[in-house]
Amino acid sequence: MDEKEALRVGAAVRRRRRTLGLTLAAVAARSGLSVPFLSQIENERARPSSRSLDRVADALETTTARLREAADSARAVDVVRAGTGDGVRRVVQGRHQLSALEFSGEPDLGQEFQHRNDELMYVVAGAVDVEAEGQAYRLGAGDTLFLSGGVRHRWRATVPATRLLVVQVSEHIDATNDPRR
């Protein structure tokens with residue numbers, strides 16, 4: 001296994017572990033490997049031997065071949081062309097960890113959102129009022145607001161030609177309750 005493949009397998013190991021709802025300690029107990037070593041594999045700082053990867057795969061109720069396949073399918077290069085001007089543009093949608101939308105114009109969605117995943121709002125231009133957990137925040141161009149998963153919030157642009165970039169990073173993005181997606 002070459003170094004680049006080992007690095008991709010680390011990300012596949014993390015996704016599989018989280019899909020099963022297992023902690024590193026649980027995988028360590030199942031595999032006989034140490035928590036620090038498993039963490040290094042997942043964070044792409046260690047290359048597992050074939051035998052170690054077999055043990056990890058067994059602990060994750062899968063096979064080494066499936067982990068390698070998941071690693072290969074995780075590689076992607078996507079280009080998103082400029083939108084149609086409807087005020088919402090999907091900037092990127094990663095398969096597992098990243099979702100980004102750009103809002104432009106004067107959107108007032110008039111509803112409250114609550115996501116399972118962390119969210120980052122970055123004001124590219126203009127201004128936005130955000131209400132989160134009973135607090136009001138006024139954001140201007142260049143300002144960023146971080147919301148941890150589960151925080152109820154709503155927002156509206158307060159200046160014409162506002163552009164807001166909204167990014168979610170998570171192992172599994174749950175967009176089923178978000179009409180913006």
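Guide: A strand is a DSSP run of E with at least two residues, numbered from the N terminus. In this predicted model, phenylalanine 146 has its place in such a run, strand S6, which covers residues 144-147.

Visitor: What makes Leu120, Tyr122 and Phe146 a nonpolar patch?

Guide: Nonpolar side chains are joined within 5 Å, provided that each residue has over 30% relative accessible area and no salt bridge. Leu120, Tyr122 and Phe146 form a patch of this kind on the surface, and together they have about 270 Å² of accessible area.

Visitor: Why is valine 166 called buried?

Guide: The term requires a relative accessible area under 20%. Valine 166 has 0%, so the residue is buried. Its place is in strand S8, residues 162-169. Glutamate 119 is 47 residues away from valine 166 in sequence, while the two C-alpha atoms are 6.9 Å apart in space.

Visitor: How many salt bridges does a search of the whole structure find?

Guide: The search finds six.

Visitor: Why is the contact between glutamate 61 and arginine 30 called a salt bridge?

Guide: Side chains of opposite charge can pair when their charged atoms come close. The cut-off for a side-chain nitrogen of Arg and a carboxyl oxygen of Glu is 4 Å. The closest N and O atoms of arginine 30 and glutamate 61 are 3.2 Å apart, so the pair qualifies. This pair links distant parts of the chain, 31 residues apart: glutamate 61 is in the loop between helix H4 and helix H5, and arginine 30 is in helix H2.

Visitor: Why is glutamate 61 called exposed, and why is arginine 30 called partly exposed?

Guide: Exposed means over 50%, and partly exposed lies between 20% and that value. Glutamate 61, at 51%, is therefore exposed, whereas arginine 30, at 44%, is partly exposed.

Visitor: What makes glutamate 102 and arginine 163 a salt bridge?

Guide: Their N to O distance is 2.6 Å, and the limit is 4 Å, so the criterion is met. Glutamate 102 in strand S2 and arginine 163 in strand S8 are 61 residues apart. At 11%, glutamate 102 counts as buried; arginine 163, at 35%, is partly exposed.

Visitor: How do you know that aspartate 129 and arginine 156 meet in a salt bridge?

Guide: The N to O distance is 3.5 Å, which is again set against the limit of 4 Å, so the term applies. The pair links strand S4, which holds aspartate 129, with strand S7, which holds arginine 156. Aspartate 129 is buried because its 17% falls under 20%, while arginine 156, at 38%, is partly exposed.

Methods:
Residues numbered from 1 in each chain as written. Predicted model: local features only at pLDDT ≥ 70, side-chain atom pairs only at ≥ 80, totals over all residues. Heavy atoms only, no water. Helix = DSSP H or I, 4+ residues; strand = E, 2+ residues; numbered from the N terminus. Buried < 20%, exposed > 50% of the residue type's maximum accessible area, 1.4 Å probe, protein only. Patch = residues over 30% accessible without salt bridge, like charges linked within 9 Å, V, L, I, M, F, W, Y side chains within 5 Å. Areas by Shrake-Rupley, 256 points an atom, 1.4 Å probe, with all protein chains shown as cover.
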